[in-house]
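Please read the points below alongside the sequence and the coordinates. They are set out helix by helix, with the backbone details at the end.

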Amino acid sequence: MNPLAMSDGLMSWSSLAPAVTEIWLVIAICYLLLVDVFAGERHRGLTPTLTLVVLAAGAALTVSCGHVTERTLLFNGLYVADELGYVLKLAALLVVAVALLYSRAYLAERGILRGEYYVLALTALLGICVLVSANSLLTVYLGVELLALSVYAMVAFDRDSGLSAEAAMKYFVLGAIASGALLYGMSLIYGLTGTLDLTQIAARAHAPLHLGVILGLVFIVVAVAFKLGAVPFHMWLPDVYEGAPTSVTLFIGTVPKIAYFALTLRLLAQGLAGTEAQWSQMLAPLAVLTLVVGNLVALVQTNIKRLLAYSTIANVGFIVLGFVAGTPDGYAAALFYTLAYVLVALGSFGVILLAGTRGFEADRLDDYRGLYQRDPLLALVMMMLMFSTAGVPIFVGFWAKLRIFQVLWESHHLWLVVIAAATSVVGAYYYLRVIKLMYFDDPQGSLPATTASAGVRLALALNAAAVVALGIRPGPLLDLCARLIH
Amino acid sequence: MHNLLSILIWLPIAAGVLVMLLGDRNIVAGRWVALLGSLATLLLAGPLWMHFDTSTAALQFPETLPWIPRFQAYYGLGVDGISMPLVVLTAFMTVPVVIAGWSVIQARPAQYFAAFLIMEGLMIGVFAATDALLFYFFWEAMLIPMFLIIGIWGGPRRVYATIKFFLYTFLGSVFMLAALIYMYVKSGNYSIAGLQALPLTLIEQRWIFVAFFLAFAVKVPMFPVHTWLPDAHVEAPTGGSVILAAIMLKMGGYGFLRFSLPITPDASRELDLAVIALSLIAVIYIGFVALVQQDMKKLIAYSSIAHMGFVTLGVFIVYQIVRNTGSLSGAGMGMDGAMVQMISHGLISGALFLCVGVLYDRVHSRQIADYGGVINTMPVFAAFFVLFALANTGLPGTSGFVGEFLVIIASFRASFWYALLAAVTLVLGAAYTLWLVKRVVFGPVANSKVAALQDLNGREFIVLGALAIAVLLVGVWPAPLLKVMQPTIQHLLTQAIATKL
């Protein structure tokens with residue numbers, strides 16, 4: 001298929017319609033920057049509100065113009081519009097909106113409610129959208145870097161905090177190394193296949209494989225593992241989660257996971273499908289290490305952000321297992337896991353945000369002692385989310401794990417099933433510990449009352465309700481994930 | 001009523017959610033909602049028994065709705081002669097728990113009642129599910145309320161006990177899930193009947209048997225994975241202990257009957273001696289352990305493990321009997337005994353924990369040494385306590401006799417030595433139970449606290465009275481219960497004996 005023929009040289013509005021999300025975001029980002037300059041100190045709340053409007057309008061535009069019924073290539077094959085991208089973009093828009101909604105009071109209380117924060121969130125979102133729709137190594141890299149650079153800046157956003165600056169620095173340096181690895185791997189692949197187009201790479205990179213392709217693949221797998229936070233490329237993750245302002249932890253703990261799922265899918269499962277035997281062999285030990293290290297190290301954490309960071313790592317292990325299976329069902333399972341994880345992480349980091357107040361970060365585990373007595377709703381929501389991540393029915397996390405077990409059995413990975421099952425029991429312990437602190441212990445000293453507004457509480461309650469609803473009726477989401485991949 | 005089972009599951013859950021929403025501020029209304037909800041469930045369990053057709057082994061009151069089409073998983077419910085009595089037992093035992101907690105629970109009472117009601121629905125779901133995925137769904141979900149019940153309303157070491165309880169059961173269940181998924185991948189659906197009919201090689205059966213065994217042996221609990229139970233029982237509030245002993249332990253036995261025997265008959269036949277050995281160890285060794293306990297709840301907990309040993313013994317001697325006699329005729333007796341033992345133990349252990357609760361509410365101690373001569377100040381209570389204690393030792397005329405007797409008779413057919421070892425329980429059980437009664441109930445008034453005891457109030461009398469009637473009824477006239485189970489057990493026997501190879 002010649003991509004030039006598809007896009008017809010001349011671009012008309014209708015041919016650009018599938019990319020409406022990105023176009024809208026670019027326009028909105030420019031306007032928001034201007035608005036923020038003119039709004040000044042007095043109207044600090046204007047940009048946050050406008051951002052939510054931008055996201056809502058973006059979702060509306062995506063639904064009305066951006067839907068495609070079949071795989072469509074744009075921009076000379078650099079960009080692909082398909083149903084997967086469409087759904088992931090809508091999910092990302094929603095998650096960003098909810099994350100920003102949870103964060104607003106936190107930012108205001110710490111004096112960092114600035115327009116740039118929202119602009120950076122939108123540029124990160126733009127990066128995610130580009131990545132999700134990438135059909136060329138170039139576009140992939142563009143999306144990855146746009147997302148990463150925005151996020152580095154967000155981590156350092158609280159510029160007076162030494163911890164945040166340190167976290168941002170670590171993230172940036174290590175991220176740069178990963179980007180280097182990604183680029184190097186891409187250059188090898190490009191050199192040996194002679195194309196940047198993922199569709200054509202898929203057609204050219206197949207057995208018998210040139211050794212150079214495998215070498216390039218190694219570098220790409222390293223970069224992907226770094227982005228996902230798979231052991232042993234996970235070192236940045238706990239430090240960044242802990243050091244970043246909690247609202248940023250919420251952000252980087254949720255939306256980028258959607259993007260990195262897409263990165264793994266587009267690069268490895270689609271572009272380098274011919275090397276599936278090789279990369280699934282590389283990913284399998286990574287997944288095992290990730291599960292073991294993530295779950296074991298989480299056991300001894302005293303900071304809840306660090307705890308959830310290691311919990312993220314453990315969950316990434318499951319997502320990688322979906323890819324190890326190496327079948328469309330496996331990718332669908334990984335997608336389901338990613339979406340379920342993002343939904344749960346959104347709520348749990350949201351609870352951390354809302355449990356704190358001015359001058360009280362609520363990031364130590366001890367701060368959660370007796371949370372039930374301080375704020376029953378937060379404790380209830382957190383309990384449900386912890387049970388969900390532990391993989392206990394009636395919550396969505398159960399189905400995510402079940403689906404991964406299923407695809408592993410289908411692809412005959414007996415030992416991976418056993419390891420995943422055993423580590424998830426270890427994992428259950430630290431989730432139970434959080435519940436124990438909230439429900440069984442009494443608060444230490446007098447902690448300030450929580451100040452979350454009714455609207456945010458409602459959002460959090462809906463978030464938890466979604467976790468239960470999807471836990472009782474997972475069918476539609478499972479079907480959707482399967483349809484998107486096949 | 002074609003959706004009776006759904007009502008039995010969701011009515012208590014709805015009542016529980018309502019109580020939780022009413023909150024601690026409206027606890028007066030909340031208590032009544034809880035009581036009415038549990039009573040209504042019990043009343044609805046009546047028709048389940050009445051309209052149950054005792055001439056067939058087929059699943060009755062069936063319901064099937066599509067649940068997750070992608071997995072071919074159905075919201076499938078139905079009961080047979082094994083599950084129906086357990087559903088009724090669950091509905092029956094929740095009412096005393098609600099009444100017993102009426103005024104005793106001061107901290108977060110709304111959540112207390114809500115947790116028990118929700119758990120009732122989930123437990124009925126476990127027994128009624130005909131789809132393995134739905135079964136697992138209820139089986140795991142049930143852990144959440146129990147975890148909270150022990151952790152929030154438990155004793156001093158409640159946190160240790162509840163986390164141990166959760167992790168033990170979770171560990172077992174995860175491997176059961178892995179086995180279920182394996183069979184799903186082979187067969188393409190999760191229906192229990194489908195899994196029972198699924199052909200499996202001996203190697204597959206062995207692994208699946210081990211996975212199931214991990215899940216069910218922890219739940220029963222069998223030696224050596226029983227150690228969570230004494231901790232959980234001692235620390236749980238009275239209601240929690242009652243439900244744990246009366247219903248949750250039965251799920252292990254139920255699992256063996258529903259999953260292990262029919263799905264992996266050849267592996268069960270091959271590994272039966274191991275299970276029998278573990279059961280006999282539970283009966284004898286744990287009986288000795290019970291003898292030395294200083295804590296009343298711990299003593300009853302160990303007694304539970306010993307009594308549940310009879311259940312697993314009764315289930316697995318079937319293979320030995322068939323090996324010895326070559327006929328099925330006597331084999332059913334072991335299973336009959338196991339089933340009756342489960343029902344009977346549910347009633348008796350629940351009643352004993354309620355008795356301990358009555359004492360604990362007054363004296364705030366579970367140590368045997370803190371009591372003595374209770375009969376002088378609480379004669380009515382003492383009468384009940386002695387009755388349940390005697391039932392626990394297997395006195396003829398009480399339900400405890402029927403189950404143990406059937407199992408011992410059946411084990412004679414299997415081997416004289418099994419029967420001899422199993423019969424040791426008659427001595428040991430009598431020893432630890434009667435010694436407990438002697439030290440707590442009889443003798444002179446031990447101290448000022450015992451001297452100040454008030455006898456049973458109306459609520460407690462009703463609760464213990466109802467349980468006493470049930471214990472005596474099953475003991476004197478077990479025929480209806482046996483009749484209900486008969487066709488299903490016959491069917492199960494043919495499944496368990498048939499080979500899949």
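**Notes on the two-chain model**

1. Just after H15 of chain A, Gly326(A) takes a positive phi of about 70°. The model is predicted, so local features need pLDDT of at least 70 and side-chain atom pairs count only at pLDDT 80 or more, while totals for chains, interfaces and linings use all residues. Residues are numbered from 1 along each chain as its sequence is written, with chains lettered from A and ligands numbered from 1 in the order in which they are written. Helices (H or I, at least four residues) and strands (E, at least two) are DSSP runs, numbered from the N terminus.

2. For H15(A) itself, the 22 residues should span 32 Å at 1.5 Å a residue, and the end C-alpha atoms are indeed 32 Å apart; the expected span is 1.5 Å times one less than the number of residues. Burial gives 22 of the 22 residues of H15(A) as buried, so this helix is largely enclosed by the rest of the structure. Here a residue is buried if 20 or more other C-beta atoms lie within 10 Å of its own, exposed if 12 or fewer, and partly exposed in between, with C-beta atoms placed from the backbone.

3. The axes of H14(A) and H15(A), the latter covering residues 304-325, come within 8 Å and cross at roughly 155°. That angle makes H14(A) roughly antiparallel to H15(A), and the crossing is left-handed. Among the residues that make the contact are Leu283(A), Leu286(A), Leu291(A) and Val297(A) of H14(A), facing a set from H15(A) that includes Leu307(A), Ile313(A), Val320(A) and Phe323(A). By class, the contact of H14(A) with H15(A) divides into 17 nonpolar, six polar and no charged residues.

4. The conventions behind that description are as follows. Axes are lines fitted to C-alpha atoms, for helices over the stretch in contact, and angles run from 0 to 180 degrees between N-to-C directions. Angles under 35 degrees count as roughly parallel, over 145 as roughly antiparallel, 65 to 115 as roughly perpendicular and the rest as oblique. A crossing is left-handed if the near helix is turned anticlockwise from the far one by less than a right angle, and right-handed if clockwise. Two residues are in contact if their C-beta atoms, placed from the backbone, lie within 7 Å. Ala, Val, Leu, Ile, Met, Phe, Trp, Tyr, Cys and Pro count as nonpolar, Asp, Glu, Lys and Arg as charged, and the others, Gly among them, as polar.

5. H14(A), residues 276-298, also packs with H20(A), residues 414-440, their axes coming within 8 Å and crossing at roughly 20°. The two helices are therefore roughly parallel to each other, and H14(A) passes H20(A) in a left-handed crossing. The contact includes Val288(A), Val292(A) and Leu296(A) of H14(A), together with Leu416(A), Ile419(A) and Tyr430(A) of H20(A). Its residues comprise 11 nonpolar, three polar and no charged.

6. Where the chains meet, the contact takes 24 residues from chain A and 25 residues from chain B. On the chain A side, the elements giving two or more residues are H19, H20 and H22 (475-485). Which element of chain A gives the most to this side? H20(A) does, with 10 residues. The side of chain A that touches chain B has 18 nonpolar, three polar and three charged residues.

7. H19(A), residues 396-410, has 15 residues and reaches 21 Å from its first C-alpha to its last, close to the 21 Å expected at 1.5 Å a residue. Of these 15 residues 14 are buried, so H19(A) is largely enclosed by the rest of the structure. His412(A), which follows H19(A), has a positive phi near 60°.

8. Two cis peptide bonds in chain B deserve a look: Val220(B) to Pro221(B), with omega near -15°, and Phe223(B) to Pro224(B), with omega about 5°. Pro221(B) is found in the loop between H9 (202-219) and H10 (228-235) of chain B, as is Pro224(B).

9. His364(B), not a glycine, has a positive phi near 60°. With 9 C-beta neighbours inside 10 Å, His364(B) counts as exposed.
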